[in-house]
Amino acid sequence: MDDLGNSSHAKRRELFFPRGLSVLTRMHLWMRGYLDAGRGSVHLSQGQVTSPYCRKLAQQADLRINVEWQDCNGEMFRLRPLLEKAIQDRDEVARSLEALSEKKASKMQDASIRSEGDAAMSEHMAMKRKRRRQALVEAEFASREAHLRSILSREQAAVSSILAQYQDAEDIATTHERIVRMEYLAKLSCYSRGASRKMAIELAHVNDAALTTVPKKENEALFGACARCITGIERDGT
């Protein structure tokens, strides 16, 4: 075998022949690639293998990707008003707690000011009276503050729970899209390995660039900014 033949054989061996597909499926794809290349219908365009059959594989994968993200969007549309309401409730409690803290600080400052009666007393007694006034302020606000903090904790837990479901819906769709892309690549690789008997195909030509990225981008446009805006946190994968 000459150098050109050795090189071609080596490149064919670089192409995956995935074990995740059944033997019958792999052989069908291999033979289809071999026959299509023999007919001259397989080409290399913009760094990828393409043919009418490859486009059919891509269309089938795109359909599955679209379905995954439609399901995800449906779940996230259901969750979004619940999430917004939970955040509104949490923020209202937070504002009430902040207002209570400001009122407490104002009263504490008033309690720290020497009263007219303090002037007629010793420094020690004046300090005791000041501490007593401050203790009364602490007692006045302690239970109200504890109650609000308890409510705030529950409201934050509700927000976190819904946000976790919100994120899970996206994570599931992302994972399923990844599986679809892996299966597409497996099929394309078997097809390309068959076609490589008739033409030079390198491993880099077997990629998923033909598959759609629109559903994921649309999901991010619809929901990503909303989650960041109403929660004030950055989510992974955005």
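Buried means under 20% relative accessible area, exposed means over 50%, and partly exposed is whatever falls in between, using a 1.4 Å probe and protein chains only. This is a predicted model, in which local features need pLDDT of at least 70 and side-chain atom pairs count only at pLDDT 80 or more, while totals for chains, interfaces and linings use all residues. Residues are numbered from 1 along each chain as its sequence is written, and side-chain values use heavy atoms, with hydrogens and water left out.

**View 1. Phenylalanine 77 and phenylalanine 223 form an edge-to-face pair.** Rings of Phe, Tyr and Trp (its six-membered ring) pair if their centres lie within 6.5 Å; planes under 30 degrees apart are called stacked, over 60 edge-to-face, and the rest tilted. By this rule there are four aromatic pairs. In the pair shown here, the ring centres are 5.0 Å apart and the planes meet at 70°. The two rings come from distant parts of the chain, 146 residues apart: phenylalanine 77 sits in helix 3 and phenylalanine 223 in helix 5 (residues 214-231). Helices are DSSP runs of H or I with at least four residues, numbered from the N terminus. Is phenylalanine 77 buried or partly exposed? Phenylalanine 77 has a relative accessible area of 43% and is therefore partly exposed, whereas phenylalanine 223, at 0%, is buried. Look for Tyr166 here too, as ring pairs link Phe77, Tyr166 and Phe223 into a cluster.

**View 2. Tyrosine 53 and tyrosine 191 are a stacked pair.** Their ring centres are 5.4 Å apart and their planes lie at 20°. Tyrosine 53 belongs to helix 3 (residues 52-112) and tyrosine 191 to helix 4, with these positions 138 residues apart in the numbering. Both partners are buried: tyrosine 53 has a relative accessibility of 11%, and tyrosine 191 has 0%.

**View 3. Leu83, Tyr166 and Tyr184 touch the most other members of the largest nonpolar core.** A nonpolar core is a set of buried Ala, Val, Leu, Ile, Met, Phe, Trp, Tyr and Cys residues joined through side-chain atoms within 4.5 Å. This one has 35 residues, and the elements giving two or more residues to it are helix 2, helix 3 and helix 4. Apart from it lies another core of six residues, including Leu97, Leu100, Phe141 and Leu148. For background, nonpolar side chains in soluble globular proteins tend to be buried together.

**View 4. Tyrosine 184 and leucine 185 both touch Asn207 and Asp208.** Contact means heavy atoms within 4.5 Å. Leaving aside neighbours within four places in sequence, tyrosine 184 is in contact with Cys54, Leu57, Ala58, Ala61, Asn207, Asp208, Ala210 and Leu211. With residues up to four places away likewise not counted, leucine 185 touches Val206, Asn207 and Asp208. Leucine 185 lies in helix 4 and is partly exposed at 27%. Its C-alpha is 6.4 Å from that of asparagine 207, although the two are 22 residues apart in sequence.

**View 5. Two salt bridges lie along helix 4.** A salt bridge is a side-chain nitrogen of Lys or Arg within 4 Å of a carboxyl oxygen of Asp or Glu, and the count comes to ten. Glutamate 177 meets arginine 181 with the closest N and O atoms 2.9 Å apart. These two are four residues apart in helix 4 (residues 123-195), so about one helical turn separates them. Both are buried, glutamate 177 at 7% and arginine 181 at 14%. Lysine 187 and glutamate 183 pair at 3.3 Å, N to O, and they too are four residues apart, about one helical turn. Here both partners are partly exposed, lysine 187 at 21% and glutamate 183 at 27%. Elsewhere, salt bridges with shared partners join Arg32, Asp36 and Arg39 into one network.

**View 6. Helix 2 (23-39) has its buried residues on the same side.** Those buried residues are Arg26, Leu29, Gly33, Asp36 and Ala37. They cover an arc of only 105° around the axis, the arc being that of the directions from the helix axis to the C-beta atoms. On the other side, Val23, Leu24, Gly38 and Arg39 are exposed. Glycine 40, with a positive phi near 80°, follows helix 2.
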